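Student: I have a model open and would like to talk through how its parts fit together. Could we go over it step by step?

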Amino acid sequence: MDQPAVSTPYHPRWLRRRVSTYWWLGKPAYLRFILREGSCMFVGWFTLYLLLLLAAVLEGPLAYELFVAWSATPALLALNVVTLAFVIFHAITFFQAAPQAMVVRLGRTRVPPQAVLLGHYAGWIVVSIVVAFFLLGA
Amino acid sequence: MTPSYDVVLVGGGGAGLRAAIAIAETNPKLTIAVVSKVYPMRSHTVSAEGGAAGVIAPDDSIDEHIYDTISGGDWLCDQDAVEAFVHEAPQELLRLEHWGCPWSREPDGRVAVRPFGGMKKMRTWFAADKTGFHMLHTLFQTSLKYGGVTRYDEWFVTRLLVDDGRVQGVIAIDLKSGRVEAITAGAVILCTGGCGKVFPFTTNAAIKTGDGMALAYRAGAPLKDMEFVQYHPTGLPFTGILITEAARAEGGYLINKDGYRYLQDYNLGTPQPHPVLRTMELGPRDRLSQAFMQELEKGRTIPLPDGPVVHLDLRHLGEKKINAKIPFVRELCTKYQNLDPVRDLIPVRPVVHYMMGGVDTDINGATPLPGLFAAGEAACVSINGANRLGSNSLPECLVFGARAGRAAAEYASRQPPVNPRVIAQKTDEHRRLEQELFSRKGRERIVTLREEMQRTMEASAGIYREAASIRKGIGELQRLQERYADIVIEDHSRTFNTERVSALELSFLLDIAQTMLTAALAREESRGAHQRRDFPKRDDQRFLAHALVSRTDDGSCRLEYVPVTITRWPPAERVYGEAAPHVKSDKAADRPLSSGAGV
Amino acid sequence: MSNRIKLQIARYRPEQESEATFDEYEVPYTKESAVLDGLNYVKDRLDGTLAYRWSCRMGICGSCGMDVNGEPKLTCATFLADYAPGPVRVEPLRNFPVIRDLIVDIDDFMRKLVRVKPWIVREVEKPVADGAYLQTPEQLDEYKQFSMCINCMLCYSACPIYGLDPNFIGPAAIALAQRYNLDNRDEGSAERMRVLSEHDGIWGCTFVGECTTVCPKHVDPAGAIQRYKLTAAVESMKSFFAPRGA
C-alpha cells in the first residue's frame, strides 16, 4: 500500500555526477576501509600457508625441511611479514568494529562498548597464550 | 488532466498530517492531497521542544486544565472550544502513543508528565525535550500507511481557487519544474503554521511566512485576533533559537545582572528553591516577557553586543538531570552559544515565538468561507485567547487537525464535482506570476523590504505598544507595499526558483503585518500578550471580544468585533504566585484516562 | 571590522548548462556565523539566483545538508570561523542527482522509507480507551537512539555503497526500520525482515562506517545495520532448522 507522492523519479536535466574509480582515495576513512577489506586476502594467504605447513608436517621430516627452507627465501619472508602486518591490522579493525555490532546485556544494564572491545583483546591474548603453551611448552 | 481530490491540505506539519490521517480513517474512499512547500518532516512542528499537555495524572482534572487555559488566555478564549480541546487532548496524545510516539516514561512504564508554565498541575507529556520532533516524525511515518493520501512535496500554493462563493481548490507551483498547476478539491484545509518571520527576531524557521493566513485573507476569509503575538521569554540572543520552557519546568531560574530572581517583583509569587506551579519561572509567557522589558527599563539586564539579556541558571540542576530531561538544550547551548549549561549561565531574551491569531474558524475548523477550513497555528478557534500556555499548541494541532479533517471530509462528500471553469483561473494566476515576478526589472532587493518590514513590526508591535508608533508602522507598511511593486528578481530560472518563492512569501507577510497592526491599533486595552502603554488596563466592557480583520475590495482592512463565548468561567482577575486560586472538581466525567494498561 | 571569507559555491543551471560550475563570493562573518549565514548573505545581497534549501537553522529539520570542503554537513550547524582563512567549498550532497545549484533530489529515500514500513504494526489495534502501552525507560532506550534520525541524508551522501549502487536501501532507512523493530509496542519485525533481507537491503552494507561518523544526531546507523545482520542471520537459521512456528 505504497503512498503515492507526485514526484519525478527521473529527469534528464538533473545532474548525475559519476563516482570515480578512485573514490576510495578521496577520504582517509575510505582508504582505511578498502585496506581493511583487502586484508582478507592476506588472511586467506596465511590460512593457505598454514594448510601447506600441515601438509608438509604430515608428509614427513624431509617435506618439512623443504617447507622451512622455502619459507626462509627472501620473497616468501617479505610476503609473510607484509601478511602479518595486514593480519594484525585486520584483527584490530575487526575488534574496533565489534562493539558497534554487538550489544551485550548483563541483566538490565548494557555492557559499555569499551568493555566489549577489551573483552575481545583479552580473548585474543588468552587464546595466544594457550597456543603458545602447546607450541613452545610441549 | 487537472489533479482533483476530495480534500486538499495546504501544509504537512502536525495539524496537516493529523487531519490527513483523520480523513483517511473516517472515510477511506475519499481522496486526499497534502500540498506542502517543504517535505513534511521539515515542517516547523519539528522544532517544538517542551511538551504537549493532556490531563492524565490522578490528582488532575479536566476543569483545572480548562481554567488554566482560560486564565492563561486572559479570558479571551472561547470556552466551548477550550472545553472540547481539553477533553480531547489526552485521547489524541494516547492515539499518538499507539502510533509509536516515544513519550518519556515513569520507571514503571506509564507515561510521564512534567510541570509547565501557567499550569497548576503537572500534565505536560514530553518526549525528552524534542517533543515536536518526535510527534511530527510519528505522524509523518504513520501517514505513510494510508494509500489514499497523495503528497505534493515542494509545491508552493500561491492562491485559493474560489468560485460560486466557495473554495474549490488551490493553485500551486511545482518548485522542481516551475510548472503552475491547479489542484481542485471539495474542501481545502489550511495548516500552514504561523507568521513569525514578520518580526526580525524569532524562534521561527524561514518557512513561517503566514502563507495560509494570507491565502485565506485574500480569498475573503477573516483573520481573528491578529494583534496577539507571543514572545517566548527564553531565546538565545544572536540566533533567536528557542530554549524550551522545560528548562524552567525542571527548575531553572531567571536572574538579572545582580543575580536576583527578578520575577518576584512582578506579582508572580515568591522564589522557592524548587519550581512551584503557576509561580515565578512557571508563570505564563506574556507576563515573563513583560517582566524582562521592565527590567530592561530599570537598567537591570545584561548588555551584550547582540542586545540586552538576562540569565537562565540551570547549574543547580546537575549534569545528570540536564542530560536526562533537557539534553537538546545542552546541545543547542554548546553549539550555538559556546557554553555548557551545566557550568555556565545561559544568556536569554524574549523572542517572537507563536501567533495566537489566525484564520477565523469555529470549533470544527470551518471558516466562514464555505469549503475552507483551517487548523493548527494558522487557525484561531480560539483556545489560546490573548496568550497561549506552553504545551497547549501541540495538542491543538492534533485536536483541531482531527476535527477539521473530519469536518472537511463530511463537507467534501456532499459537494458536487468541481465546475471545470474554475480551472481557467490557473491561466490568470500563471499570467500574474509571470508579469509580477518574472518580467519586471525592479530596483528594490527583497531583503531590503523584508528587513524594513521586520524593523517596523518590532517597533510598532513589540511587547509594549502605543498608538503613535502603531500608526507610524501602518504608514510604513503601506509604503512597503508600494515599493514591493518595484522588487528585482535576478533568478529567471524555472527550476526550483527560491527567489520567486521569497518574493511571494514577502507579499504574504506584508498583508499579514498590515492586519496585525490594524488590530493592534483598534484594541484600546491591555490583555495578555497585547500591552498598550496608553491603555494599561483590561477592559472587559468594550473588548471581551475577538477582532476580525477582513479585506475590502480596495485592499484595505475592515475590522469588526465578535463576542467571546463564555460558558462556565466568568471573567476574573488573572492571578499567579501563591495566591493563584485552586480549582476543585469532583465530577466523575473529569476523571483522567488511564495512563498505562499494558502492551 | 568583521572578518571576510571566500565561499566557492557549486552552481548548476539546468536551462543553461550541462555541467556544474563554481562561483566565488566573499562574505563577512563573526565567530557565530554558520555556513548557512554565508549562503544567506550571498543570496540576499550578492546573487539572488543562488538556490538551496534551509528552514529551522537549529539542526533539527534536516533541510540544509550540503558538502562543505568535501564532507557532508548541516550548513546551519557548521561554522565559518572553523574554516578560516578559507576558501570554503560548498557543493550539493554527493550521491544524489542535482536538480539545481545546491538542491538535490531525495525522493529515492522517500520511496525507500515507505518500503520498510516505518510505523507501528499491530495484529490488533488497541483502542484509545484502554490507555497507553506500558514501556519502561529501559525499553525506550532500546530504540531511542534510532528514533533521532532527522532524515538529513548526510549518511547516504557519505556511504560509498549508495554512491556505487543507488539500489542499496541505505543507512537511514535501515536505522528507522530497526527503530520500529526494537520498539516493544511493534509486531512488524517479520514483515520488515522480508524487505531488509533482500539483496539490496542490509546485505549491501559492507560496514564502511562513514554513515555513523557523519550523522549529526548520533543515530549510529552502521551499528543498527550490523546488529540487524545478526538478527537476520539468526532468524534465517531458525527458519531453516525449524520452519514456521520457530
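Below, a student and a tutor talk through chain contacts, a sheet, helix pairs and domains.

Tutor: Happy to! Keep in mind that this is a predicted model.

Student: Let's begin with the contact between chains B and C. Which helix of chain B gives the largest share of the side that touches chain C?

Tutor: In this contact, 51 residues of chain B meet 45 residues of chain C. Helices α3 (79–98), α4 (131–143), α9 (327–337) and α14 (498–522) of chain B each supply at least two residues of that side. The largest share, 5 residues, comes from α3(B).

Student: And how many residues on the side of chain B that touches chain C are nonpolar, polar and charged?

Tutor: Sorting the residues of that side of chain B by type gives 12 charged and 17 polar. The nonpolar residues there number 22.

Student: Now the sheet in chain B. Which strands stand at its edges?

Tutor: The sheet is open, with 5 strands in the order β18-β16-β10-β21-β22 (chain B) and mixed pairing. An edge strand here has a single partner, so one side of it is left without a neighbour in the sheet. The two strands in that position are β18 (379–380) and β22 (557–563) of chain B.

Student: Which residue of β18(B) stands opposite B:Asp360?

Tutor: Look at β16 (residues 358–360) of chain B, which pairs with β18(B) in the parallel sense over 2 bridges. Opposite B:Asp360, in β18(B), you will find B:Cys380.

Student: Helices pack on this sheet too. What angle does the direction of α14(B) make with that of β22(B)?

Tutor: Start with helix α5 (residues 211–219) of chain B, which touches β10 (223–224), β16 and β21 (545–551) of chain B, its direction making about 40 degrees with that of β16(B). Helix α14(B) packs on the sheet as well, touching β10, β21 and β22 of chain B. Its direction and that of β22(B) make an angle of about 55 degrees.

Student: Next, α2(B) and α3(B). Are they roughly parallel or oblique to each other?

Tutor: Helix α2 (residues 62–72) of chain B packs against α3(B) with the axes 9 Å apart and an angle of about 135 degrees. The crossing is right-handed, and the residues that meet include B:Ile66 in α2(B) and B:Val82 in α3(B). Angles over 145 degrees count as roughly antiparallel and 65 to 115 as roughly perpendicular, and α2(B) and α3(B) are therefore oblique.

Student: How does the same question come out for α2(C) and α6(C): roughly parallel or oblique?

Tutor: The axes of α2 (residues 107–115) and α6 (residues 171–181) of chain C come within 9 Å and cross at roughly 25 degrees. In the contact, C:Phe109, C:Lys112 and C:Leu113 of α2(C) meet C:Ala172, C:Ala173 and C:Leu176 of α6(C), which divide into 5 nonpolar, no polar and 1 charged. Angles under 35 degrees count as roughly parallel, so α2(C) and α6(C) are roughly parallel.

Student: Last one: which strands of chain C each supply at least two residues of the side of domain 1 that touches domain 2?

Tutor: The domain assignment of chain C gives domain 1 (3–104) and domain 2 (107–241), with C-alpha centres 30 Å apart. Each of these domains puts 12 residues into the contact. On the side of domain 1 of chain C, the strands you want are β3 (65–68) and β4 (71–74).

Definitions and conventions
Residues numbered from 1 in each chain as written. Chains lettered and ligands numbered in written order. Predicted model: local features only at pLDDT ≥ 70, side-chain atom pairs only at ≥ 80, totals over all residues. Contact = placed C-beta atoms within 7 Å. Helix = DSSP H or I, 4+ residues; strand = E, 2+ residues; numbered from the N terminus. Nonpolar A, V, L, I, M, F, W, Y, C, P; charged D, E, K, R; others polar. Pairing = 2+ DSSP bridges. Axes fitted to C-alpha atoms, helices over the stretch in contact; angles between N-to-C directions. Domains from an automatic or database assignment. Left-handed = near helix turned anticlockwise from the far one by under 90°.
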